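Dear colleague,

I am passing on the structure we spoke about, and I would be glad if you could look it over alongside the notes that follow.

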Amino acid sequence: MKQKVISGLFWKILENGGAQGIQFVVSLILARLLTRAEYGTVGIIMIFITIANVIVQNGFSTALVQSRKADAADFSSVCYFSLAAACVMYGLLWAAAPRIAEFYGIEQLRQIVRILALVLFPGAVISVQTAWVSRQMEFKGLFLSTFAASVISGVVSVSMAYRGMGVWAMVGQQLSYYISLMLVLFAAVSWKPAFLFAWDSIRRLLGFGWKLLAASLIDTLFNNLYGLIMGKIYNEEVLGVYNRGDQFPKLIVNNLGAAIQSVLLPAFSARQKDREAMGHMLRRAVRLSSFLVLPMLFGMCAVADTLVMALLGEKWMACVPYLRIMCVAYSFWPIHITNLQAVNALGRSDMFLKLEIIKKAMGLAGLAAGMRFGPLVLISVKAGLDFLTTFVNAWPNRKLLGYGILRQWGDILPSAAVSLAMGGIVYGAGLILPGNVWIKLGVQVILGAGIYVFLAAVFRLESFGYVLGLIKGQTRKDG
């Protein structure tokens, strides 16, 4: 299992890094070609698409991975049921498109909603394909598929942007990505839908999955409230600036965090009868994910102004404060992800739903307070709440696995302290370094990496020794 987890994590990180790396480069090109308002316009639509995608994709895919036994009838039944749900959600979005355009005062949204919502159909199939990948740990095929889809969608969107098609370049990017990913996955992954449909499979999986669907829907609705509020109360340009600032730290979390999440669920599920083993795995996951994620986020926070100037240019400098705040907010994700995956693996979707209700009740109170003081205060309140909810997410595992929040913070603090010291030094260096912005950024990044490794070795961080052991073991194996 250890080798499967390490191999799966490697391919999942490579998949996220490769695909998102290409998408990130494409987004930098588009940022030079599109206005902040155009980014905000598509950002508004993606909120509604994301919510619809949750209903179509979530719940069943996790249930397929978590289930002790999932056969061909289960996977095929979920695929067809998800496609039917996509038809319903597409019809609702088609009907709602005029109202959405009227609400935001942007007539172009009517057409964009109706065309962009087509991603729901390939998305339904992809959710089942990725569930199969996670269960079988065929992450290499997923890496190849997402990499190919990212290249195809990147070429499509940049070509459209150069031709002056504005927001439609981003619409084309989404459509081409989903369609090409589905098609390439059919070639790369061993699962194919069969002519099978069993209501018994749907009912059995729904018994576990509906709670996860409800929890995911609550989480998605709440997280996207920030975008809805910014797009309506402020304007689409403010939303575009926030989305751009959020994108940089989110790239790290989606790469490492989502990779850890995807690999942990099947690994935890395979050990769900052995609570002691699961407790050890959870602790290792908290330590390792914090050791990898925190220095990247603290370092990004330190170089935020240099990074934005180098990659996006002067017109996007307004996103720097948002970028720094979101770096702080995302730094708590290792605790969130690992604890919630353990709860899911134990089959406690009821507990998962309860946790989401508690957290969102806290979040709504903070949202109501923060929105009165402007967008920066609103996002700062969100970061504070993300810290408080670490206590909520860790609470069940104190009883279930004997690993509570105080022990978790004790395991995280060494990496956090070293990351904070590194970030302070890198930020100070940025104040005195002269010259070209690209040279300055390169020096800061190299300096930060060197300082973090040096401090981790000097203070003998446990996760540093663990990673070195893995590297040496793999080197000996390859040799």
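To begin with charges and rings, the charged end of Arg244 sits over the ring of Trp316, at 5.5 Å from its centre. A second arrangement of this kind involves Trp94, whose face has Arg114 lying over it, 4.1 Å from the ring centre. Please keep in mind throughout that this is a predicted model, and that the values below are computed from it.

Turning to pairs of aromatic rings, the count comes to 14. One of them joins Phe291 and Tyr452, whose ring centres are 5.5 Å apart and whose planes stand at 40°, so the pair is classed as tilted, falling between the 30 degrees below which planes count as stacked and the 60 above which they count as edge-to-face. This pair links distant parts of the chain, since Phe291 belongs to helix α11 (residues 275-302) and Tyr452 to helix α18 (residues 437-458), with the two positions 161 residues apart in sequence. Both Phe291 and Tyr452 are buried.

Another pair is formed by Phe387 and Trp409, with ring centres 5.7 Å apart and planes at 55°, so that this pair too is tilted. Phe387 lies in helix α16 (residues 375-400) and Trp409 in helix α17 (residues 405-432), and the pair therefore ties together parts that are 22 residues apart in sequence. What is the burial state of each partner? Phe387, at 32% relative accessibility, counts as partly exposed, whereas Trp409, at 17%, counts as buried, because the limit for burial is under 20%. Phe387 and Trp409 also belong to one aromatic cluster together with Phe332 and Phe391.

Helix α17, which carries Trp409, deserves a further word. Its 28 residues, at 1.5 Å a residue, should span 40 Å, and the C-alpha atoms at its ends are 39 Å apart, which agrees with that expectation. Nevertheless, α17 bends by about 35° at Ile412, and a proline, Pro414, follows within four residues.

Finally, there is a serine that I would ask you to inspect, namely Ser76, which is placed in helix α4 (residues 72-104). Ser76 has a relative accessible area of 1% and is therefore buried. Which residues does Ser76 touch, if those up to four places away in sequence are not counted? Ser76 touches Trp191, Pro193, Ala194 and Leu196.

With kind regards

Methods
Residues numbered from 1 in each chain as written. Predicted model: local features only at pLDDT ≥ 70, side-chain atom pairs only at ≥ 80, totals over all residues. Heavy atoms only, no water. Phe/Tyr/Trp six-rings, centres within 6.5 Å; stacked < 30°, edge-to-face > 60°. Buried < 20%, exposed > 50% of the residue type's maximum accessible area, 1.4 Å probe, protein only. Lys NZ or Arg CZ within 6 Å of the ring centre and 35° of its normal. Expected span 1.5 Å × (residues − 1). Bend = angle between axes of the 7 residues up to and from the residue. Contact = heavy atoms within 4.5 Å.
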